[in-house]
Amino acid sequence: MTATGTGPLAGVRVVELAGIGPGPFAAMLLADLGADVVRVDRPGGAGLGVDPAYDLTNRNKRSVIVDLKAPEGPGLVLDLVERADILIEGYRPGVAERLGVGPEDCLGRNPRLVYGRMTGWGQDGPLAQRAGHDIAYIAITGTLGMIGGADGGPVVPANLVGDYAGGSLYLVIGVLAALQHARGGGTGQVVDAAIVDGTAHLATMIHGMLAAGGWQDRRGANLLDGGCPFYGTYETSDGQYMAVGSLEQQFYDEFVRLLGIADVAPARKDLARWPELRATIAERFRTRTREEWTAVFEDSDACVAPVLSLKEAPNHPHLAARATFTAHGGMTQPAPAPRFSATPGSVHRPPALPGADTADVARDWDLPALIPGPASTSVQEA
């Protein structure tokens with residue numbers, strides 16, 4: 001199978017020191033864009049117990065197994081680093097240094113390397129050495145506290161806002177910016193991507209609205225957090241939901257007309273009557289099924305859409321027409337994004353099985369030391 005894809009990052013070499021969560025997703029995104037990503041797995045796996053054959057965040061990558069605690073382990077990783085453009089690691093601060101693969105060791109071997117560090121708390125600060133997960137990181141940034149209804153507690157947005165939006169995407173932006181600098185005549189550098197930093201940054205617009213008095217610092221009281229009756233979700237007669245985002249006047253006018261409440265809906269700008277407007281909208285949506293309401297709104301600019309499940313989403317006509325989801329290796333999965341007119345990305349390899357690509361990587365990266373000798377236990381082939 002090919003070592004790299006045909007996306008805009010074809011020819012870029014990435015070493016990923018295996019971890020969980022945002023690091024693997026960031027490396028997957030680079031691989032989707034065509035980079036040759038070699039994941040350095042540890043003996044025994046990453047610790048979550050997920051069948052690696054179904055771990056889609058390891059698609060488009062190749063894997064070798066290196067025991068960094070074995071005498072020859074760090075040297076093998078540094079040999080890969082010498083041939084790489086980017087390294088990604090997600091250890092707690094100081095761990096990579098103790099293992100002999102920290103920034104000083106790696107940049108000493110390859111001064112043009114971009115060393116990407118992915119953590120929740122960041123490389124410094126009072127909490128830097130503490131354990132954590134997505135939910136705690138987004139909690140202290142104020143982001144979790146703003147999600148949910150006015151009459152309940154904060155709603156957990158899976159791990160999408162912290163791990164992947166505030167973490168992975170900021171790491172990818174960072175390492176690609178640093179790679180541009182290095183290739184433009186600069187040197188390599190360390191990119192400190194912290195989920196707390198990225199998640200806080202995602203709320204930049206909200207902080208501006210807060211400072212201007214246009215956002216209340218409580219849940220379910222604002223234009224974009226479900227407080228507005230024409231920006232939220234409503235239950236249908238079959239227990240499903242419709243999403244409404246009719247913010248602008250012309251879209252709102254079409255919304256109330258198609259919903260059939262134009263003659264009874266309170267004025268949209270009368271905030272004192274928003275509870276009445278919400279009740280009117282909710283009562284009307286409960287008179288038909290999700291499918292029926294979808295048919296009513298699908299050819300309009302009312303900004304209304306059905307709330308689909310993960311299994312339903314790939315079959316939506318628009319997503320099907322755009323091939324937003326793709327099938328590979330018997331699994332339906334999101335296709336690479338974004339899209340490029342000249343250098344499209346693709347899913348060209350299934351999830352990398354730990355150690356399965358040792359021989360190919362050793363050949364393609366000109367590193368025969370990766371192939372284990374009779375007495376070697378630091379590198380294994382699956």
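Buried residues are those with under 20% relative accessible area, exposed ones have over 50%, and partly exposed ones fall in between (1.4 Å probe, protein chains only). By this criterion Arg-290, Trp-293 and Phe-297 are buried in helix α11, which spans residues 290-297. The structure is a predicted model, in which local features need pLDDT of at least 70, side-chain atom pairs count only at pLDDT 80 or more, and totals for chains, interfaces and linings use all residues. Residues are numbered from 1 along each chain as its sequence is written, and side-chain values use heavy atoms, with hydrogens and water left out.

**Confidence and overall architecture**

- The protein chain has a mean pLDDT (the predictor's confidence in each residue, from 0 to 100) of 93, and 95% of its residues reach 70 or more.
- The pLDDT is below 50 over residues 375-382, a stretch that has 24 contacts in the model beyond near neighbours in sequence; contact means heavy atoms within 4.5 Å.
- The protein chain contains 13 helices and 12 strands; these are DSSP runs numbered from the N terminus, helices being H or I over at least four residues and strands E over at least two.
- Along the principal axes, the C-alpha atoms of the protein chain fill a box of roughly 80 × 45 × 40 Å.
- Of the 382 residues in the protein chain, 44% are buried.
- Among contacts in the protein chain with a separation of 6 or more, 67% are accounted for by residues 24 or more positions apart.

**Helix α11 and its surroundings**

- The buried residues Arg-290, Trp-293 and Phe-297 lie on the same side of α11, because they cover an arc of only 65° around the axis; the arc is that of the directions from the helix axis to the C-beta atoms.
- An α-helix has 3.6 residues a turn, so residues three or four places apart point the same way.
- Packing against the buried residues of α11 are β8 (241-245), α9 (249-259), α10 (274-285) and β9 (304-306).

**Helix pair α9 and α10**

- The axes of α9 and α10 come within 11 Å and cross at roughly 45°; axes are lines fitted to C-alpha atoms, for helices over the stretch in contact, and angles run from 0 to 180 degrees between N-to-C directions.
- Helices α9 and α10 are therefore oblique to each other, given that angles under 35 degrees count as roughly parallel, over 145 as roughly antiparallel, 65 to 115 as roughly perpendicular and the rest as oblique.
- Tyr-252, Phe-255 and Leu-259 of α9 make the contact with Leu-277, Ile-281, Arg-284 and Phe-285 of α10.
- The contact of α9 with α10 comprises 6 nonpolar, no polar and 1 charged residues; Ala, Val, Leu, Ile, Met, Phe, Trp, Tyr, Cys and Pro count as nonpolar, Asp, Glu, Lys and Arg as charged, and the others, Gly among them, as polar.

**Helix pair α6 and α7**

- Helix α6 (residues 160-183) packs against helix α7 (residues 195-202) at an angle of about 100°, with the axes 8 Å apart.
- The two helices, α6 and α7, are therefore roughly perpendicular to each other.
- On the α6 side, the residues involved are Val-161, Gly-162, Asp-163, Ala-165, Gly-166, Gly-167 and Tyr-170, which meet Ile-195, Gly-198, Thr-199, His-201 and Leu-202 in α7.
- By class, 5 nonpolar, 6 polar and 1 charged residues form the contact of α6 with α7.

**Strand β8: Gly-245**

- Gly-245 belongs to strand β8 and is buried, with a relative accessible area of 19%.
- Outside its neighbours within four places in sequence, Gly-245 is in contact with Phe-230, Tyr-231 and Cys-303.
- Gly-245 and Ala-282 are 37 residues apart in sequence, and their C-alpha atoms are 14 Å apart in space.

**Loops and backbone features**

- Ala-337 and Pro-338 are joined by a cis peptide bond with omega of about -5°, and Pro-338 lies in the loop between β11 (331-334) and α13 (358-364).
- Asn-60, although not a glycine, has a positive phi of about 65°; Asn-60 lies in the loop between β2 (36-41) and β3 (61-66) and counts as buried at 1% relative accessibility.
- Ala-158 also has a positive phi, near 50°, in a residue other than glycine; Ala-158 is placed in the loop between α5 (134-140) and α6 and counts as partly exposed at 48% relative accessibility.
- Pro-157 is found in the loop between α5 and α6, and, leaving aside neighbours within four places in sequence, Pro-157 is in contact with Ile-138, Leu-144 and Ile-147.
- Pro-157 and Leu-144 are 13 residues apart along the chain, with their C-alpha atoms separated by 8.1 Å.
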